[in-house]
Amino acid sequence: MLFSEPGDLIVDPFMGGGTSAVEAIAEGRKFLGSDINELARFVSRVKTTLLTAADQREIFAWASALASSINLSHADHRDSYWNSYQQHVPWRTRRLIAQAIESLTYFKNKRQRDFARCSILSAAQWALDCKSAIPTKTAFLSTHVQTVCEMLAGNSVLTERVRAACGRPSADHRASLLLRADASHLHRMKKVRAFGKPKLVLTSPPYMGIHVLYHRWQILGRHETSAPY
């Protein structure tokens with residue numbers, strides 16, 4: 001943030017997983033980000049949403065009790081919309097993830113549900129992507145609890161940094177505008193123009209020589225499934 005001051009608007013038209021968004025609001029800047037990928041927007045929104053202490057307690061209680069609500073002998077109700085995302089996924093893991101998502105009705109507000117959904121996504125990627133062996137139910141749920149704890153700890157750190165930079169924030173604190181949009185169209189959008197004039201524009205460098213599949217997970221060797229975009 002050497003090239004901006006508190007209150008300035010930072011723009012990242014290819015925000016990806018939202019690292020620039022997190023650092024911008026943590027330093028007291030406003031942030032405008034866009035990505036053509038809906039999953040990138042979702043993850044970025046979760047990362048930049050500040051949770052209350054009550055939110056954190058509810059999420060931890062849900063994660064701790066999740067194992068008791070998972071029963072792999074119960075048939076899952078497969079929605080045809082998700083068929084393309086379930087190719088080559090072992091039925092036990094698919095059913096586990098489906099039941100975990102169904103349990104999100106436990107939550108009282110969207111902040112909590114989105115955070116919990118993101119934690120399931122993270123655990124699912126750990127369990128499936130580039131794995132030669134699929135983890136057991138116990139290993140998945142244990143890793144999921146660990147993932148939730150790490151995510152909650154990160155959210156607490158972000159909240160403290162925002163508090164230090166901007167004063168006492170609330171769960172509705174909004175210093176960012178995150179859009180699913182083609183970057184070439186941003187200048188035509190009224191909501192973008194109304195957000196202010198940018199002080200600094202960031203873009204990600206190309207990842208030369210790195211093999212990355214953003215749209216697919218590789219499972220059990222050469223098998224692949226569409227990532228949940």
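The buried residues of helix H2 pack against five elements: helix H1 (19–26), strand E2 (30–35), helix H5 (110–128), helix H6 (137–166) and strand E3 (176–180). The model is predicted.

**Helix H2**

H2 spans residues 38–48. Of its 11 residues, 8 are buried, so the helix is largely enclosed by the rest of the structure. Buried here means under 20% relative accessible area. The buried set consists of Leu 39, Ala 40, Phe 42, Val 43, Ser 44, Arg 45, Val 46 and Thr 48. Arg 45 is thus listed among the buried residues. The start of the helix has a polar contact. There, a side-chain oxygen of Asn 37 comes to within 2.7 Å of the backbone nitrogen of Leu 39.

**Strand E2 and Leu 32**

Strand E2 is one of the elements that the buried residues of H2 pack against. Leu 32 sits in this strand. Its relative accessibility is 5%, so Leu 32 counts as buried. Leaving aside residues up to four places away in sequence, Leu 32 touches Leu 9, Ile 10, Val 11, Asp 12, Leu 177, Leu 179, Val 192 and Phe 195. Leu 32 can also be set against Lys 190. The two are 158 residues apart in sequence, yet 13 Å apart in space, C-alpha to C-alpha.

**Helices H3 and H5**

H5 is another element in the packing of H2. It also packs with helix H3 (residues 53–69), at an angle of about 40° and with the axes 10 Å apart. That angle makes H3 oblique to H5. The crossing is right-handed. From H3, the contact uses Ala 54, Asp 55, Glu 58, Ile 59 and Trp 62. From H5, it uses Arg 111, Gln 112, Phe 115, Ala 116, Ser 119 and Ile 120. By class, the contact has 6 nonpolar, 2 polar and 3 charged residues.

**Positive phi in loops**

His 88 has a positive phi although it is not a glycine. Leu 220 also has a positive phi without being a glycine.

| Residue | Phi | Loop between | Relative accessibility |
|---|---|---|---|
| His 88 | about 70° | H3 and helix H4 (91–102) | 42% |
| Leu 220 | about 50° | strand E5 (216–219) and strand E6 (223–226) | 34% |

At 42% relative accessibility, His 88 counts as partly exposed. Leu 220, at 34%, counts as partly exposed too.

How values were computed. Residues are numbered from 1 along each chain as its sequence is written. This is a predicted model: local features need pLDDT of at least 70, side-chain atom pairs count only at pLDDT 80 or more; totals for chains, interfaces and linings use all residues. Side-chain values use heavy atoms; hydrogens and water are left out. Buried means under 20% relative accessible area, exposed over 50%, partly exposed in between (1.4 Å probe, protein chains only). Helices (H or I, at least four residues) and strands (E, at least two) are DSSP runs, numbered from the N terminus. Contact means heavy atoms within 4.5 Å. A polar contact is a pair of N or O atoms within 3.5 Å; within protein, one must be able to donate a hydrogen and the other to accept it, and residues adjacent in sequence count only if both atoms are side-chain atoms. Axes are lines fitted to C-alpha atoms, for helices over the stretch in contact, and angles run from 0 to 180 degrees between N-to-C directions. Angles under 35 degrees count as roughly parallel, over 145 as roughly antiparallel, 65 to 115 as roughly perpendicular and the rest as oblique. A crossing is left-handed if the near helix is turned anticlockwise from the far one by less than a right angle, and right-handed if clockwise. Ala, Val, Leu, Ile, Met, Phe, Trp, Tyr, Cys and Pro count as nonpolar, Asp, Glu, Lys and Arg as charged, and the others, Gly among them, as polar.
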